[in-house]
Amino acid sequence: MSVMLLFVLMWLSFIGYGFYLHYRFSFPPAVIPLFVFSSVVAVVFIAGLMDVLRPAVYGIWSIGLILFVYAGYRIIKKRLFTSLITPGLVFFTAMCGFFLVLLKDAVFLHFDNFSHWGIIVKHLFLYDSLPGDASVITYKNYPPGTALFVYYIVTLIGFSETKALMAQSFLVAAALTPLFLFTSWKRPLLLIVVTAAAFVLLLIDAASIYTLLVDQILGYMTIAVMLIVFYYRNHVRLMMAAAAPVLALLVLTKDSGKIFFAFCVVWIIAVVIKNRQSLQGKAGQVLSMFVLLVLAFPLLVNGLWSSYIERAYTSDYEENKFAITKETFLDPNKSDEVVQQLWPNVLSQAFDMSVDVIQVMTVVSIAAILTFVWSAFVKKRSPRALLFTTLFVHLFYVVYIGLLYLLYLYLMPEGEAANLAGFSRYQATAGVFFTGLLLVMLLREWQKISYDGGRAWFSKAMMAGCAVVAMLPLLNNIPALLQQHNPGAEPRYPALEQYYALTDAEKITGDTKITLIRDTGESDHGFLRHAMNYERMAKTTFVHTMCQTEEEKEKLQEDVKESDYLIVLKNTEEMNECLAEVNQAGPLEPGNYLIEEGVIMTKVTP
């Protein structure tokens with residue numbers, strides 16, 4: 001079948017599940033995409049544990065097509081189709097179309113695509129199994145949640161880096177769609193400003209849409225869970241059923257997802273207590289559902305992943321990066337200087353007003369406080385939801401920063417802790433959640449104020465103003481959203497060109513050892529090594545970007561002696577001198593070379 005036909009059939013299957021949920025359970029359309037995608041991940045994950053990934057994909061897809069016919073017929077018969085055409089579903093459809101256009105030429109450029117997030121998707125696609133000892137996965141304990149969703153998509157329509165990025169963007173669109181739970185076509189201004197709020201969230205770390213990184217998705221999904229819970233606050237059983245698969249995906253997306261999961265549980269408890277009058281003598285049943293769906297199901301998924309890691313890898317869990325053991329918090333294993341400077345550095349970064357996400361959080365916080373004052377003292381309203389949300393997100397951020405401090409102190413290597421490696425990305429995740437949840441509740445409050453009569457124009461102006469001021473600090477991020485750009489990834493292209501020229505001329509397998517030289521006089525921090533590991537799905541490429549010390553010279557010669565071929569991308573006189581003892585091919589110009597018995601012999605010609 002053509003890719004386009006497969007793409008259409010894939011979406012018809014998803015639509016089939018959406019039709020059924022709307023027809024059978026009256027699911028609001030704004031919830032359906034994320035609920036369906038999260039449920040697919042849960043089923044595919046269980047199938048992965050049973051080593052039946054591909055049959056599960058085709059089974060889910062086939063059932064969806066059957067439901068498309070059956071539930072579609074029922075919806076048409078009951079004239080429910082128009083009830084599906086809501087702002088949320090239109091937004092989801094439009095965003096998927098936007099991402100298709102935006103990512104049509106996108107490829108993997110970000111370092112972390114090659115170090116983990118892209119390589120696990122490629123592994124799943126090539127081997128139809130969760131990773132194990134035979135894989136080239138470095139971060140073995142990282143959960144595979146979003147990778148399983150991408151795997152589901154590319155299994156149906158074929159693998160490419162572009163398709164993988166598009167697949168993850170569909171999950172992003174689904175996670176943003178619950179922002180529209182409180183909108184309707186009768187409130188066009190609210191619809192416009194919520195759309196603006198969605199783009200505010202996309203502009204926080206805007207370039208992440210061109211990667212398979214999951215940090216932003218964690219923020220989006222956490223907002224989604226809390227909005228779903230608030231929407232169903234008077235229907236507690238539906239609330240927990242709708243939230244359960246998304247909570248499971250949270251803990252299956254990244255280890256830090258457990259932090260967001262914990263805050264979601266606190267939010268759910270608070271909402272249920274606040275609306276306990278709606279339980280009407282069903283407290284026992286609600287408690288059972290809370291334990292089973294909100295706690296047990298996500299934690300069971302997490303436990304199954306932990307159990308799988310122990311069985312699939314011969315190496316101990318303690319060897320994994322960010323592994324938490326009894327000994328983890330006994331000794332930070334860092335110099336006194338780093339330990340003393342760490343907390344001040346974390347605080348400085350956490351509240352640095354020059355950072356755009358902090359500016360957005362500050363602006364939205366001020367708007368929320370002013371709105372509360374106006375609502376409570378001028379309009380004589382009781383905006384308890386806005387007050388609770390304001391306090392909740394600020395408490396979350398304080399706790400989150402404290403946990404980041406512990407992460408750097410006990411889990412990060414000293415060099416990464418000293419430089420607060422990855423802090424901006426972790427901060428952006430918190431910023432997405434903080435800004436998104438508070439902004440939606442803020443807009444909702446102004447919409448309610450407008451119902452009280454009087455100066456409705458003022459309320460509408462304030463709604464528009466909130467969206468505008470939230471977006472202002474992020475305007476400089478628009479180019480990063482609209483165009484992929486990563487200068488640090490430029491070496492990948494000549495490396496691939498040379499490598500595939502070599503594969504055309506010689507029989508190259510994953511076991512073929514290759515030394516790659518690109519002498520820039522400085523470290524590339526492992527970028528080309530990871531990029532070649534991803535390309536070859538094997539750790540048999542040795543990359544050298546400089547030879548300035550005796551130790552580097554010895555390692556270079558050792559790798560050449562172990563290799564079958566040499567790829568030269570960029571060379572210098574210093575590098576030639578380092579290779580003199582193992583080189584009989586003369587001055588090494590860019591190209592591919594044959595290595596025999598540990599000596600560089602001749603240039604390989606196509």
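**Reading cavities and helix packing**

Mentor: Let's start inside: the lining of the largest cavity has 8 nonpolar, 5 polar and 3 charged residues. Keep in mind that this is a predicted model.

Trainee: How do I read a cavity, and how many cavities of 30 Å³ or more are there?

Mentor: The general idea is that rolling a probe the size of a water molecule over the atoms shows where empty space is left. In this structure, the count comes to 3 cavities of 30 Å³ or more. The largest cavity has a volume of about 120 Å³. Its lining is made up of 16 residues, and the closest to its centre are Val172, Ser208, Ile209, Leu213 and Gln216.

Trainee: Which helix gives the most to the lining of the largest cavity?

Mentor: That's helix 10, with 4 residues. Helix 8 (161-176) and helix 10 (215-231) each supply at least two residues of that lining.

Trainee: And what lines the second largest cavity?

Mentor: Look for Leu179, Phe182, Leu190, Val194, Val440, Leu443 and Arg444 around it. By class, that makes 6 nonpolar, no polar and 1 charged. The space inside the second largest cavity is about 40 Å³. Helix 9 (188-203) and helix 18 (423-450) each bring at least two residues to its lining, and the largest share, 3 residues, comes from helix 18.

Trainee: On to helix packing. At what angle do helix 2 and helix 3 pack?

Mentor: The angle is read between the N-to-C directions of the two axes, from 0 to 180 degrees. Helix 2 (residues 32-49) and helix 3 (residues 53-77) pack at about 150 degrees, and their axes are 8 Å apart. Angles over 145 degrees count as roughly antiparallel, so helix 2 and helix 3 are roughly antiparallel to each other. Their crossing is right-handed.

Trainee: Which residues in helix 2 and helix 3 meet?

Mentor: On the helix 2 side you'll find Val40, Val43, Val44, Ala47 and Gly48, and they meet Leu53, Ala56 and Ile60 in helix 3. That contact divides into 7 nonpolar, 1 polar and no charged residues.

Trainee: How far apart are the axes of helix 5 and helix 8?

Mentor: They are 9 Å apart, and helix 5 (residues 87-102) packs against helix 8 at an angle of about 155 degrees. That makes helix 5 roughly antiparallel to helix 8. Helix 5 passes helix 8 in a right-handed crossing. Helix 5 brings Phe91, Phe92, Met95, Cys96, Phe99 and Leu100 to the contact, while helix 8 brings Met166, Ser169, Phe170, Val172, Ala173, Ala174 and Leu176. Here the split is 12 nonpolar, 1 polar and no charged. You've met Val172 already, among the residues closest to the centre of the largest cavity.

Trainee: Now helix 11 and helix 13: at roughly how many degrees do their axes cross?

Mentor: Roughly 15 degrees, and the axes of helix 11 (residues 236-253) and helix 13 (residues 283-312) come within 9 Å. Angles under 35 degrees count as roughly parallel, so helix 11 is roughly parallel to helix 13. Helix 11 passes helix 13 in a right-handed crossing. Among the residues in contact are Met240, Ala244 and Leu247 of helix 11 and Met289, Phe290 and Trp305 of helix 13.

Trainee: How many nonpolar, polar and charged residues does the contact of helix 11 with helix 13 have?

Mentor: It has 18 nonpolar, 2 polar and 1 charged. Arg237 of helix 11 is one of the residues that make this contact, so go and find it in the structure.

Methods. Residues numbered from 1 in each chain as written. Predicted model: local features only at pLDDT ≥ 70, side-chain atom pairs only at ≥ 80, totals over all residues. Heavy atoms only, no water. Parallel < 35°, antiparallel > 145°, perpendicular 65-115°, else oblique. Left-handed = near helix turned anticlockwise from the far one by under 90°. Contact = heavy atoms within 4.5 Å. Nonpolar A, V, L, I, M, F, W, Y, C, P; charged D, E, K, R; others polar. 1 Å grid on protein atoms, 1.4 Å probe; cavity = no way out; pocket = protein on both sides within 12 Å on 5 of 7 lines; lining within 4 Å. Points joined across faces, edges and corners; volume = space filled by probe spheres on them.
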